[in-house]
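Subject: The structure I promised you

Hi,

Here is the structure we talked about, for you to open and click through. Have a look at it first, then read my notes below.

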Amino acid sequence: MFATFDQLKGRLIVSCQASPGDPLEDTDAIRRIAMAAVGGGAAGLRVNSAEHIAAIRRNTKLPIIGIQKQYGSAGLRITPDFAAAAALAAAGASIIALDCTDRAWPDGDPWQELIQRIHQELRLPVMADIATLDEALAAAAAGADCVGTTLNGYTESTLGNHSFSWTLLAQLAQQLDVPIMAEGHVSTPEEARRAIDGGAWCVIVGSAITRPGNIAAKFAHALEKVAFSAPAIGVDIGGTSIKAGLVRRNGEVCLSVKTPTDAAKGRDAITAGLVQAVEQVLAAAADKRLEPVGIGIATAGAVDRRDGSIFAATDNLPGWSGFRLRSFAEERFHLPAFVVNDAQAAVLSELHFGLGRGLSDFVVITIGTGVGGGIVAGGKLLRGQHGFAGTIGHSVIRAGGRPCNCGRNGCLEAYVSTAALLREYRENGGAVPEGTIDDAALALRINQLARQGDAAAQEAYAVLSGYLAEGIANLFNLVDPQAVLLSGGLIEDYAQFVPDLQKQVEKLLHFGAKRQPRVLAAKAGQLAGVQGAAALVFESRQ
Ligand SMILES: [Zn+2]
């Protein structure tokens with residue numbers, strides 16, 4: 001065996017080439033790239049053309065595998081004839097690489113003949129660039145001193161292989177006695193290491209190291225994917241309306257629809273509304289040539305995380321309990337489907353697209369007709385056995401207190417909700433504003449009045465925040481989060497009371513002043529449920 005091979009055992013060879021037309025296709029640029037690779041620890045180089053080899057040889061004594069690419073009528077051939085091989089040798093190549101695939105070439109010399117002449121007349125070893133096991137065996141039988149997997153993926157029979165063929169390496173390692181050079185599609189240090197472990201003599205890496213254009217394209221493509229491709233459908237089923245939207249990976253909702261829930265008519269009416277909303281979004285997506293990759297559904301009620309069915313639902317959604325929502329959506333829309341409770345969807349929205357992006361541990365409390373919530377611990381939504389984790393509304397803040405719709409007394413939800421806000425407002429002498437229709441609308445009106453300085457409305461909020469502080473203090477004791485985020489229309493539009501609420505929490509907590517508990521108004525808006533539901537799809541594809 002030639003001594004050159006000992007120098008290369010277990011080492012990295014860097015292929016320094018540029019495509020025709022590439023700004024780096026320049027002798028001195030290639031020489032500089034090669035010297036940078038040597039500085040980084042390359043034990044050898046693979047270089048195209050006598051001119052480049054001669055330039056690099058003046059700077060280094062390391063082994064250089066020389067090739068001469070020739071673009072002909074039958075495609076690209078590597079070192080087609082003896083004249084080319086002789087020129088590479090004269091320029092200082094240590095090994096001559098040849099195209100030894102079984103493709104037929106109209107011109108040039110047969111590679112079997114070339115191997116003999118290179119050995120006899122140039123006294124240099126030959127590397128056989130092959131694509132298949134059979135070609136490798138033929139090349140070794142014809143006297144090639146080593147084989148490279150270089151052309152796997154580039155010949156007709158192997159076209160479409162865009163990653164390193166570990167199967168081919170394993171076969172070569174088993175059946176060949178000559179050194180095997182792993183080359184082509186090796187793109188990470190881990191893959192290089194794996195190739196050596198898999199029996200390669202050495203590893204040749206090109207584009208992944210020496211082509212900034214390719215590297216930049218990879219990054220640019222990845223970001224493009226994040227922003228524009230693979231959108232998901234998000235749906236939010238509430239007691240009064242169903243919202244659906246097409247959500248990009250960065251959380252942007254690029255189109256959305258809203259339809260009444262018609263909940264009083266039962267399950268079939270709810271699913272009819274769901275189908276209508278989703279089909280509208282699908283049609284609009286098709287117009288934009290966007291293909292949703294999945295559908296995430298947030299719904300009121302308790303969701304069984306194990307099969308995406310409705311474990312239990314309140315009277316707001318009659319007949320919803322027991323419905324196998326995930327199966328229904330998968331069969332109806334032919335997309336992977338995910339189901340989550342709406343309060344937890346709000347948490348996912350904050351986690352991926354809102355204030356939670358920089359946090360690893362936080363709690364979201366959603367205040368509306370009830371109190372929902374969710375806990376993020378270690379960067380992940382805590383779902384628990386069934387999917388019920390974070391049911392903050394039913395933590396008791398007054399033993400034996402007001403009756404709650406869960407059957408207990410004194411739950412946070414019995415003291416903090418739209419209904420509770422209304423009650424406090426009336427008890428403080430506030431007149432019920434005219435022209436409003438239901439509790440939720442009334443509560444939003446009180447929210448508005450508080451913002452405008454109405455005393456009774458502000459007092460109602462003060463009482464509400466006293467109770468809420470108890471619930472939040474419990475959370476800080478239980479979870480020790482970086483922040484508690486408050487969401488829901490009642491909070492977002494009257495965030496003025498949040499700093500006061502934070503002070504109350506501080507007073508209730510042991511070492512509160514030192515702990516400085518953070519309470520913030522959440523960032524997510526009306527479409528938080530839609531965004532959070534879509535986030536489930538993205539999470540499944542990471
Ligand atoms: Zn309760």
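Let's start with disulfides: the count comes to 0. Keep in mind throughout that this is a predicted model. Why does C202 not form a bond with C146? The sulfur of C146 is the closest cysteine sulfur to that of C202, but the two are 7.3 Å apart, so they are too far from each other for a bond; the cut-off is 2.5 Å. C202 is buried, because its relative accessibility is 0%. C411 also has a relative accessible area of 0%, so that cysteine counts as buried.

Next, the salt bridges. There are 14 of them by the rule used here. The idea behind them is simple: side chains of opposite charge can pair when their charged atoms come close.

Try D28 and R31 to begin with. Their closest N and O atoms are 2.7 Å apart. Both residues sit in helix α2 (residues 27–39), and because they are 3 residues apart there, about one helical turn separates them. D28 is partly exposed, at 32% relative accessibility. R32 joins in as well: D28, R31 and R32 make up a network of salt bridges.

Helix α8 (residues 189–197) has a pair with a similar layout to look at: R193 and D197 are 4 residues apart, so about one helical turn lies between them. For this salt bridge the closest N and O atoms are 4.0 Å apart. Are these two residues buried or exposed? R193 is exposed, with a relative accessible area of 58%, and D197 is exposed too, at 60%.

Now for E183 and R46, whose closest N and O atoms are 3.2 Å apart in their salt bridge. This pair links distant parts of the chain: E183 is in strand β9 (residues 180–183) and R46 in strand β2, 137 residues apart. Both of these residues are buried.

On to the rings, where I got 6 aromatic pairs. One of them is F164 with W166, an edge-to-face pair with 4.6 Å between centres and 65° between planes. F164 is buried, with a relative accessible area of 7%, whereas W166 is partly exposed at 21%. Another pair, W320 with F323, is tilted, with 5.1 Å centre to centre and 35° between the planes. W320 is buried at 0% relative accessibility, and F323 is buried at 10%. Ring pairs also bring in F328, giving a cluster of W320, F323 and F328.

Charged side chains turn up over rings too. K9 lies over the face of W201, 4.4 Å from the ring centre, and R117 does so over F82, at 3.9 Å.

Two loop residues to finish. S49 lies in the loop between β2 (44–48) and α3 (50–57), and counts as buried because its relative accessibility is 13%. A polar atom of the S49 side chain is 3.2 Å from the backbone nitrogen of H52. Beyond its neighbours within four places in sequence, S49 is in contact with I67, Q68 and L88.

P292 is in the loop between α11 (267–287) and β14 (295–299). It is buried, at 15% relative accessible area. Its C-alpha atom is 6.3 Å from that of I233, though the two are 59 residues apart along the chain. Not counting residues up to four places away, P292 touches P231, I233, L246, L282, A285 and L335.

Cheers!

Methods. Residues are numbered from 1 along each chain as its sequence is written. This is a predicted model: local features need pLDDT of at least 70, side-chain atom pairs count only at pLDDT 80 or more; totals for chains, interfaces and linings use all residues. Side-chain values use heavy atoms; hydrogens and water are left out. Buried means under 20% relative accessible area, exposed over 50%, partly exposed in between (1.4 Å probe, protein chains only). A polar contact is a pair of N or O atoms within 3.5 Å; within protein, one must be able to donate a hydrogen and the other to accept it, and residues adjacent in sequence count only if both atoms are side-chain atoms. Contact means heavy atoms within 4.5 Å. Rings of Phe, Tyr and Trp (its six-membered ring) pair if their centres lie within 6.5 Å; planes under 30 degrees apart count as stacked, over 60 as edge-to-face and the rest as tilted. A charge sits over a ring if NZ of Lys or CZ of Arg is within 6 Å of the ring centre and within 35 degrees of the ring normal. A salt bridge is a side-chain nitrogen of Lys or Arg within 4 Å of a carboxyl oxygen of Asp or Glu.
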